[in-house]
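Colleague: Could you take me on a close tour of one part of this model, and show me how the rest of the chain relates to it? I would like the individual residues as well as the overall picture.

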Amino acid sequence: MVKFNQAISLMEAAQESPSLAHLTELTRVSSQRLKLLHTLIPGPLRTAIQAGPIEGTEWCLLVNSNAAAAKLRQMLPALLAHLNTHGHAVEKIRLKILQNPR
């Protein structure tokens with residue numbers, strides 16, 4: 001039998017692999033959570049935050065500076081309440097500060 005190599009999209013590959021499908025879903029949910037919070041986060045701070053990994057009921061936000069993380073820490077209770085009100089079972093938001101390569 002002759003096999004032909006066919007290019008498939010990333011989404012098709014993810015759907016055919018359970019582990020990739022799970023990671024794709026977690027990425028989608030993480031991005032959805034961050035989008036839900038955009039109305040609560042001040043405009044200048046929005047560009048400093050990226051959606052990070054989900055581990056059970058803990059969600060990580062990636063932050064590009066210590067100053068942005070400090071401001072975000074003050075907002076965590078409101079952000080958690082907003083997420084839970086909208087059906088996302090998040091018990092803790094962890095912040096990870098991204099290091100700039102030099």
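Modeller: Happy to! One term first: two strands count as paired when DSSP finds at least two bridges between them. Please also keep in mind that this is a predicted model.

Let me choose strand S2, residues 58-63. With that term in hand, look at Leu62 in S2, which is the bridge partner of Gln50. Ile49 stands opposite another S2 residue, Val63. These belong to the pairing of S1 with S2, which runs in the antiparallel sense over five bridges. The two strands form a hairpin with two residues between them. If you check backbone torsions, look at Gly56 in that turn, where phi is positive at about 65°.

Now turn to the pairing with S3. S2 and S3 are joined in the parallel sense over six bridges. Here Leu62 appears again, standing opposite Lys96 in S3. So Leu62 has Gln50 as one bridge partner and faces Lys96 in S3. When you look at side chains along these strands, a general pattern is worth remembering: in a regular strand they alternate between the two faces of the sheet.

Is S2 largely enclosed or open? Five of its six residues are buried, so the strand is largely enclosed by the rest of the structure. For comparison with the chain as a whole, 29% of the 102 residues count as buried.

At the N-terminal end of S2 there is a charged contact to examine. The side chain of Glu58 meets that of Arg94 in a salt bridge, with 2.7 Å from N to O. Glu58 lies in S2 and Arg94 in S3, so this pair ties together parts that are 36 residues apart in sequence. Glu58 is partly exposed, at 22% relative accessible area, and Arg94 is likewise partly exposed, at 28%. In general, side chains of opposite charge can pair when their charged atoms come close.

The structure holds two salt bridges, and the other is within helix H2. There, Glu25 pairs with Arg28, the closest N and O atoms being 2.6 Å apart. Glu25 and Arg28 are three residues apart, about one turn of the helix. Glu25 is partly exposed at 37% relative accessibility, as is Arg28 at 44%.

Right next to Glu58 in sequence is Trp59, which leads us to the packing. The largest nonpolar core has 22 residues, and Trp59, Leu72 and Ile93 touch the most other members. H2, S1, S2, H4 and S3 each give two or more residues to this core. Its largest share, eight residues, comes from H4. Such a grouping fits a general tendency: in soluble globular proteins, nonpolar side chains tend to be buried together.

H2 is a good place to see how a helix meets S2. It spans residues 18-37 and reaches 29 Å from its first C-alpha to its last, close to the 28 Å expected at 1.5 Å a residue. Its buried residues are Val29, Ser30, Arg33, Leu34 and Leu37. They cover an arc of only 135° around the axis, which puts them on the same side of H2. The buried residues of this helix pack against S1, S2 and H4.

One loop residue also meets H2. His88 sits between H4 and S3 and is buried, at 13% relative accessible area. Beyond its neighbours within four places in sequence, His88 is in contact with Val29, Gln32, Arg33, Leu36 and Leu83.

To place S2 in the wider chain, note that the protein has four helices and three strands. From the N terminus the order is α-α-α-β-β-α-β. Among contacts between residues at least 6 apart in sequence, 53% join residues at least 24 apart. For the tour of S2, the two points to carry away are its antiparallel pairing with S1 and its parallel pairing with S3.

Notes
Residues numbered from 1 in each chain as written. Predicted model: local features only at pLDDT ≥ 70, side-chain atom pairs only at ≥ 80, totals over all residues. Heavy atoms only, no water. Expected span 1.5 Å × (residues − 1). Buried < 20%, exposed > 50% of the residue type's maximum accessible area, 1.4 Å probe, protein only. Arc of directions from axis to C-beta. Contact = heavy atoms within 4.5 Å. Core = buried A, V, L, I, M, F, W, Y, C linked by side-chain atoms within 4.5 Å. Salt bridge = Lys/Arg side-chain N within 4 Å of Asp/Glu carboxyl O.
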